[in-house]
Amino acid sequence: MIREFEYLKEELKEKGYKLTPQRRAILDVILDAEGRHLSVEEIYDLVKMKCPDIGLATVYRTMQMFEEVGFVYKHNFDEVRSRYEINHLNEFHQHHHLICIGCNKVIEVEEDLLEQLELDIEKKYNFEISNHDVKFFGYCENCRK
Ligand SMILES: [Zn+2]
Ligand SMILES: [Zn+2]
Ligand SMILES: [Zn+2]
């Protein structure tokens with residue numbers, strides 16, 4: 001489940017930000033891109049279709065702001081560019097990502113699967129885990145053919 005648009009709008013207002021037409025267009029693009037992980041450049045290309053006047057710098061700043069207010073999660077899957085995805089409401093912990101080093105494809109792993117490991121770590125290191133960001137690198141089905 002992803003956040004409802006109206007809910008996001010309210011949250012933004014509470015945090016003192018206005019939902020300008022440009023911010024709205026950017027938000028629409030991210031909501032549509034559910035399950036994908038877009039770079040700022042890719043978001044810019046999509047938003048430009050609706051707002052031809054928008055600049056890349058505006059998209060950068062808006063994504064920074066969305067990250068600050070917790071709408072999106074910023075990933076660094078490679079050294080080239082950061083990628084964004086909307087934060088899921090129903091996720092207790094961040095889902096994992098499989099990154100293909102052959103074709104750069106990113107596959108999402110829905111299940112946490114780390115519960116036992118988390119318990120072991122918490123016990124052994126007396127540490128309370130609030131989240132994790134796990135990336136697995138390897139080769140996808142296509143690249144292994
Ligand atoms: Zn977990
Ligand atoms: Zn691949
Ligand atoms: Zn993801």
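This report describes the domains, the zinc site and a surface patch of a predicted model.

**Domains**

The protein chain is divided into two parts by the domain assignment: domain 1 covers residues 5-86 and domain 2 covers residues 96-144. Their C-alpha centres are 25 Å apart. The two domains also touch, with seven residues of domain 1 in contact with seven residues of domain 2.

**The zinc site**

The zinc ion (ligand 1) is held by donor atoms from His93, Asp112, Glu118 and His132, at 1.9 to 2.7 Å. Asp112 is listed with two OD donors. The donors are set out below.

| Donor residue | Donor atom |
|---|---|
| His93 | ND1 |
| Asp112 | OD and OD |
| Glu118 | OE |
| His132 | NE2 |

Along the sequence, these residues follow the spacing H-x18-D-x5-E-x13-H. His93 lies in the loop between strand 3 (83-86) and strand 4 (96-100), while His132 lies in the loop between helix 5 (115-125) and strand 6 (135-138), so the pair ties together parts that are 39 residues apart in sequence. Are these two histidines, His93 and His132, buried or exposed? Both His93 and His132 are buried.

**A nonpolar patch on the surface**

Leu98, Ile107 and Phe136 together make a nonpolar surface patch of about 230 Å². One of its members, Ile107, belongs to strand 5 (residues 106-109). The relative accessible area of Ile107 is 32%, so this residue is classed as partly exposed. A residue needs over 30% relative accessible area to be counted in such a patch, and Ile107 has 32%.

Key:
Residues numbered from 1 in each chain as written. Chains lettered and ligands numbered in written order. Predicted model: local features only at pLDDT ≥ 70, side-chain atom pairs only at ≥ 80, totals over all residues. Heavy atoms only, no water. Donors = N, O, S within 2.8 Å, 3.2 Å for Na, K, Ca; no water. Helix = DSSP H or I, 4+ residues; strand = E, 2+ residues; numbered from the N terminus. Buried < 20%, exposed > 50% of the residue type's maximum accessible area, 1.4 Å probe, protein only. Patch = residues over 30% accessible without salt bridge, like charges linked within 9 Å, V, L, I, M, F, W, Y side chains within 5 Å. Areas by Shrake-Rupley, 256 points an atom, 1.4 Å probe, with all protein chains shown as cover. Salt bridge = Lys/Arg side-chain N within 4 Å of Asp/Glu carboxyl O. Domains from an automatic or database assignment. Contact = heavy atoms within 4.5 Å.
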